[in-house]
Each structure stands twice: as structure tokens, then as C-alpha cells.
Amino acid sequence: MRVSDLDFPLGLIEDYPSARMGAESNVRYAYRSNFGVSRDISFVDIFRRLVDVYDLNAAQSDFLFPGLNWNASWQPASRDRLGSIRYWLCCNAMCV
């Protein structure tokens, strides 16, 4: 972030770890407050919160989390695809 020419907010640059942990805490709190229960959250939830709090533009968002803006086209994995993922995980491959 420091060496990019994307002009990130100074507060985010200076203390990124705290900002990220704060965003995670905010998302967890929001789920507990709105739904009355805790649930697993994703990195997408956390990074969307960072984008909202720091009012990041699309280029800054893509720098931090490539693909954050195309998550809307996400589709659940089919059984065939899950089987393929399990196979690659058994082979110690990294699956994303």
C-alpha cells in the first residue's frame, strides 16, 4: 500500500493490522446484533467492511483483495466440483 500510487488513506496504511482486525470485529458484532447468533464470516465480509469504512475506490479495493467486486457472480460448487476439490486437497494442493 505504501509503494502503490493508489493514494490509500493514511490511517489504513499506518495501522493496517488493527484496521483489519477492527473490520473483522465489526462484522462479527453486526451478525450477532442483527441475527442474534454468531456465524462464520469470510474474508470477503471483512474486506467489504474495510472498503466501506475507509471509502476505498475500486482500484484500491482490487489491490487489497483482487476479485472482491466480482463476488456477486459467485455460484455454489456442484458435487462434481467438490469431488475434484477434495481430490486436490488430498494431494496437498492449494485450492482457492
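**Close-up views of helices α2 and α3**

**View 1. The exposed side of helix α2 in a predicted model.** On the side of α2 away from its buried residues, Pro17, Met21 and Tyr29 are exposed. The buried residues of this helix are Ala19, Arg20, Ala23, Val27 and Tyr31. Seen down the axis of α2, these buried residues fall within an arc of 115°, and therefore they line one face of the helix. An α-helix has 3.6 residues a turn, so residues three or four places apart point the same way. The buried residues of α2 pack against two other helices, α1 and α3.

**View 2. The span and the end of helix α2.** Helix α2 has 20 residues, which at 1.5 Å a residue should span 28 Å, and its end C-alpha atoms are indeed 28 Å apart, so the two values agree. After α2 comes Gly36, a residue with a positive phi, near 75°.

**View 3. Arg20 and its contacts.** Arg20 is found in helix α2, which covers residues 16-35. Is Arg20 buried or exposed? Arg20 counts as buried because its relative accessible area is 18%, and buried means under 20%. When its neighbours within four places in sequence are left aside, Arg20 is in contact with Phe43, Ile46 and Leu50. Ile46 and Leu50 are themselves among the buried residues of α3.

**View 4. Gly22 and Ile46, apart in sequence.** Gly22 also has its place in helix α2, but this residue is partly exposed, with a relative accessible area of 28%. How far apart in space are Gly22 and Ile46, C-alpha to C-alpha? Although 24 residues separate Gly22 from Ile46 in sequence, the distance between their C-alpha atoms is 9.0 Å.

**View 5. Helix α3 and the helices it packs against.** Helix α3, made up of the 12 residues 43-54, reaches 16 Å from its first C-alpha to its last, which is close to the 16 Å expected at 1.5 Å a residue. Which residues of α3 are buried? They are Val44, Asp45, Ile46, Phe47, Leu50 and Val51, and the buried residues of this helix pack against α1 (residues 10-14), α2 and α4 (residues 58-64). Just after α3, Asp55 takes a positive phi of about 50°.

Technical notes: Residues are numbered from 1 along each chain as its sequence is written. This is a predicted model: local features need pLDDT of at least 70, side-chain atom pairs count only at pLDDT 80 or more; totals for chains, interfaces and linings use all residues. Side-chain values use heavy atoms; hydrogens and water are left out. Helices (H or I, at least four residues) and strands (E, at least two) are DSSP runs, numbered from the N terminus. Buried means under 20% relative accessible area, exposed over 50%, partly exposed in between (1.4 Å probe, protein chains only). Contact means heavy atoms within 4.5 Å. The expected span of a helix is 1.5 Å times one less than its number of residues. The arc is that of the directions from the helix axis to the C-beta atoms.
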